[in-house]
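Trainee: I have a model open and would like to learn how to read it. Where do we begin?

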Amino acid sequence: MEFGVGYFPTHDGVRPGEVARRVEERGQDALFFAEHTHIPASRESPWGGGAQLPRKYWHTYDLFVSLTAAAEATTRLRVGAGVCLVVERDPIVTAKEVASVDHLSGGRLEFGVGAGWNREEMANHGTDPRTRMALLGDRVRAMQAIWTQDEASYAGPFVSFDRIWSWPKPAQKPWPPVLVGGGGPTVLDRVLAWGDGWFPQWHDENLFGRIDELRARADRPLQVQVLSVPPDPKALEQLENAGVHRASCWLPSGPWSVVEPALEKWERAIADLTGR
């Protein structure tokens, strides 16, 4: 099993490239950045983590700027979206950004995708929250067409274009791993329909039962990576026994003096599991 970390790359914390360099030096396999274009000040949508939304949610750098900085600062580390809110993005532009980062990094991008939880945020981008899951799948399929066709065309319920040229193509073939985030009742359907793997949170309901269900239903190899994993060797052992490809924990945002103790705690849990 591989190990990684997640980080909200805020403008007042350790810079994205510096975090990437440090976690690569310390042996982590992957670094995932969160994305929010903004947070509506109305705060109508409830946040699953509690009543008070942390300020890091509206202080992050742009996702693809952060990923580029991380890729340029490293040579081995996988850099990823944890997750990209595709329902708030133009698919043609996003396809270009994904392909560009993957090409510049030498094929080290992991493309976590999701619809998000903040309905006002997505509505500000013109997205109807009631159709967000269908929109997510349509936009991902459109991007997959762009990544794999020299002269791409696509016609779906939300996205349509005819005969476009868009380069570069991703370094990874056919595209960077599309990891489908979410823990809702229909998420496995999305993974099976157009994903390369499932990207749940540790606290999602019936995690291990649904991992088994996904494998029973799948007709092709699919990764499972888990975010929000606690720094607990027993949790890591459970994930390893379940055949999870990579476990990742979230690091706090802030200066290195805040980030490093959390990383050290995560490293100790890994060492307890692996004996290294």
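Mentor: We will go through the core, one helix, a helix pair, the unusual backbone spots and a few single residues. Keep in mind that this is a predicted model.

Trainee: Start with the core. Which residues of the largest nonpolar core touch the most other members?

Mentor: Leu31, Phe111, Trp147 and Trp266 do, in a core of 72 residues. Helix H5, residues 132–148, gives the most to this core, with eight residues. Apart from it lies another core, of seven residues. Leu85, Leu179, Phe199 and Leu227 are among them.

Trainee: What does Trp147 touch, beyond residues up to four places away in sequence?

Mentor: Its list runs through Ala95, Val98, Ala99 and Phe111, then Lys169, Pro170, Pro174, Trp175 and Val178. Note that Phe111 is another of the residues that touch the most other core members.

Trainee: Back to H5. How many of its residues are buried?

Mentor: The count is 13 of 17, so H5 is mostly covered by the cut-off of under 20% relative accessible area. 

Trainee: And how far apart are its end C-alpha atoms?

Mentor: They are 24 Å apart. At 1.5 Å a residue, the 17 residues of H5 should span 24 Å, so the two values agree.

Trainee: Show me one residue of H5. Is Gln144 buried or exposed?

Mentor: Gln144 lies in helix H5. Gln144 counts as buried because its relative accessibility is 8%. Leaving aside neighbours within four places in sequence, Gln144 is in contact with Trp175, Val178 and Trp194. Two of these names, Trp175 and Val178, also appear among the contacts of Trp147. For scale, the C-alpha atoms of Gln144 and Thr10 are separated by 30 Å, and the two are 134 residues apart along the chain.

Trainee: Now the helix pair. How do I describe two packed helices?

Mentor: Two packed helices are described by the angle between their axes and the distance between the axes. Here, take helix H6, residues 187–194, and helix H7, residues 207–217. Their axes come within 11 Å and cross at roughly 35 degrees. The crossing is right-handed.

Trainee: Which residues make the contact?

Mentor: H6 brings Val187, Leu188, Asp189, Val191 and Leu192. H7 brings Arg210, Glu213, Leu214 and Arg217. Sorted by class, the contact has five nonpolar, no polar and four charged residues.

Trainee: Why do the contact residues recur at short intervals along a helix?

Mentor: An α-helix has 3.6 residues a turn, so residues three or four places apart point the same way. In H7, compare Arg210, Glu213 and Arg217.

Trainee: On to the backbone. Where are the cis peptide bonds you want me to see?

Mentor: One joins Gly82 and Val83, with omega about 5 degrees. Val83 lies in strand E3, residues 78–85. Another runs from Trp167 to Pro168, with omega near 5 degrees. Pro168 sits in the loop between strand E6 (160–164) and strand E7 (178–181).

Trainee: Which residues other than glycine should I check for positive phi?

Mentor: Check Asn206, with phi of about 55 degrees, and Ser228, with phi near 65 degrees. Asn206 is in the loop between strand E8 (197–199) and H7. Ser228 is in the loop between strand E9 (223–226) and helix H8 (233–241).

Trainee: Are these two buried or exposed?

Mentor: Asn206 counts as exposed because its relative accessibility is 51%. Ser228 is buried, with a relative accessible area of 18%.

Trainee: Let me try two alanines. Where do Ala155 and Ala115 lie?

Mentor: Ala155 is in strand E5, residues 152–155. At 68% relative accessibility, Ala155 counts as exposed. Ala115 is in the loop between strand E4 (109–114) and helix H4 (119–124). At 6%, Ala115 counts as buried. Beyond residues up to four places away in sequence, Ala115 touches Leu85, Val87, Met122, Arg132, Met133 and Leu136.

Trainee: Last one. How accessible is Pro252?

Mentor: Pro252 is partly exposed, with a relative accessible area of 28%. Look for Pro252 in the loop between strand E10 (246–250) and helix H9 (256–274). Setting aside neighbours within four places in sequence, Pro252 is in contact with Tyr7, Val258, Val259 and Ala262.

How values were computed
Residues are numbered from 1 along each chain as its sequence is written. This is a predicted model: local features need pLDDT of at least 70, side-chain atom pairs count only at pLDDT 80 or more; totals for chains, interfaces and linings use all residues. Side-chain values use heavy atoms; hydrogens and water are left out. A nonpolar core is a set of buried Ala, Val, Leu, Ile, Met, Phe, Trp, Tyr and Cys residues joined through side-chain atoms within 4.5 Å. Buried means under 20% relative accessible area, exposed over 50%, partly exposed in between (1.4 Å probe, protein chains only). Helices (H or I, at least four residues) and strands (E, at least two) are DSSP runs, numbered from the N terminus. Contact means heavy atoms within 4.5 Å. Axes are lines fitted to C-alpha atoms, for helices over the stretch in contact, and angles run from 0 to 180 degrees between N-to-C directions. A crossing is left-handed if the near helix is turned anticlockwise from the far one by less than a right angle, and right-handed if clockwise. Ala, Val, Leu, Ile, Met, Phe, Trp, Tyr, Cys and Pro count as nonpolar, Asp, Glu, Lys and Arg as charged, and the others, Gly among them, as polar. The expected span of a helix is 1.5 Å times one less than its number of residues.
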